[in-house]
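Trainee: Could you take one spot in this protein and walk me through it closely? I'd like to see how it sits in the whole chain.

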Amino acid sequence: MKNIILLLSLCMVSCVHVSENMRHGAKDMISFSNSNVENNESLFDVRYIKPATNDSCLLGAIGQIEMVSDSFLIILDINNYSLYAFSPEGKFLSTIGSKGDGPGEYIKPSSFFVDKLRNRIGIVDIGRQKVIYYRMKDFLFQSEKMLPFETNSCAVAEDGNILWNSIGYDSSDTGDNYFVLTDSTFQILETAVEKQFKSGYGFGDSRNVYAFQGKTYAFSPYDSGVWEIGDGCVEKRFELDLDDHTAPPYSFLMEKSNGGQNPYFRALEESDYVSYYTIREFANYCSVLYIVNNERFVGFFDKRTKSSYLYTLELFGKMLKVGDMSYLASGFLNDYSVFPLNISNLLEMRSDGYSFSKDLDILLQNSSPEDNQILMCVRMR
């Protein structure tokens, strides 16, 4: 649960306008009602990456991870506020930028993004509310630009426009909306998805915007829906049906937060409502992780067959013989969802006689408790 809490963010947003093209009805439904729960590990392809461990790349909590053109993977450490590049096999390549207050340096990086059109990597630094750009080929500093509104993550569309989440409020620029679409110079083109419940607190994955097949998408708290947001287009692409679990109703939030004035997360996480959710979308499937009453669930929806598979995270870990699982990392490696595994916990289980999958056990044979997390990469076959 500790790693999940690290990924939560204070969230309050605010609207200049809402697109006339907005449609409130979802185009499709991703349903986990009547999901399959059979112990069938053959449904999944699992592989592991063990990032190198040395004094230059000691990972705390993995906040975000992305594969770039099959050439290298980038990992954001939200404990130590550092960004690292590794080879696809886990060899350490380089740090990207450094902590500091000067040009090309960051104080509190909250996320990063890849701008393929301009062959660069951007880091969103919420410590200074700026974006810092580095060249993709050698990670050298290029430029930086101040942000005109408060945000902690973004996604770049194929046309170069950028979709941001808005974490500020009382702003004449972004208004009462969750999401802001800008051009590459940060000029606002669109604001979308009005916030109904107004509080300084939120839940769910704070990195709730993503790019998929050239377009940009977003999912907001309390909504359980995924929106396609582009230039002149705002529509709910699909709705999530999380079995018999639902997002907290407005009345519950108002009561527990004293009208939006006080924190309410403790009451929410102890309730029977969804207190956290995040989604990853791939060509053939979607993966979802959510929490209800402190129990974590992981679901997979097969787009090809419209079949869904829902497990408690504990049951999913036992099925794949990987022991202790904590969270689904923000981001992905090609068409794999990524679950970081704590080596210290796994080695303790191994000493107690736990039987791991063959590939994972081989990695653990040459591991120490101080090593970086193993990345378990999972996709539907």
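Ile107 up close

Mentor: Let's start with the company Ile107 keeps: leaving aside neighbours within four places in sequence, Ile107 is in contact (heavy atoms within 4.5 Å) with Tyr81, Gly100, Asp101, Asp125, Gly127 and Arg128. Keep in mind that this is a predicted model, where local features need pLDDT of at least 70, side-chain atom pairs count only at pLDDT 80 or more, and totals for chains, interfaces and linings use all residues. Residues are numbered from 1 along each chain as its sequence is written, and side-chain values use heavy atoms, with hydrogens and water left out.

Take Arg128 from that list: 21 residues separate Arg128 from Ile107 along the chain, yet their C-alpha atoms are 6.9 Å apart. As for where Ile107 sits, look in the loop between β8 (105-106) and β9 (109-115); strands here are DSSP runs of E, at least two residues, and helices are runs of H or I, at least four, numbered from the N terminus. Ile107 has a relative accessible area of 39%, so it counts as partly exposed, which means between buried (under 20%) and exposed (over 50%), using a 1.4 Å probe and protein chains only.

Now zoom out. The protein chain has 6 helices and 27 strands. Its C-alpha atoms fill a box of roughly 60 × 50 × 40 Å along the principal axes. Of the 381 residues in the chain, 55% count as buried.
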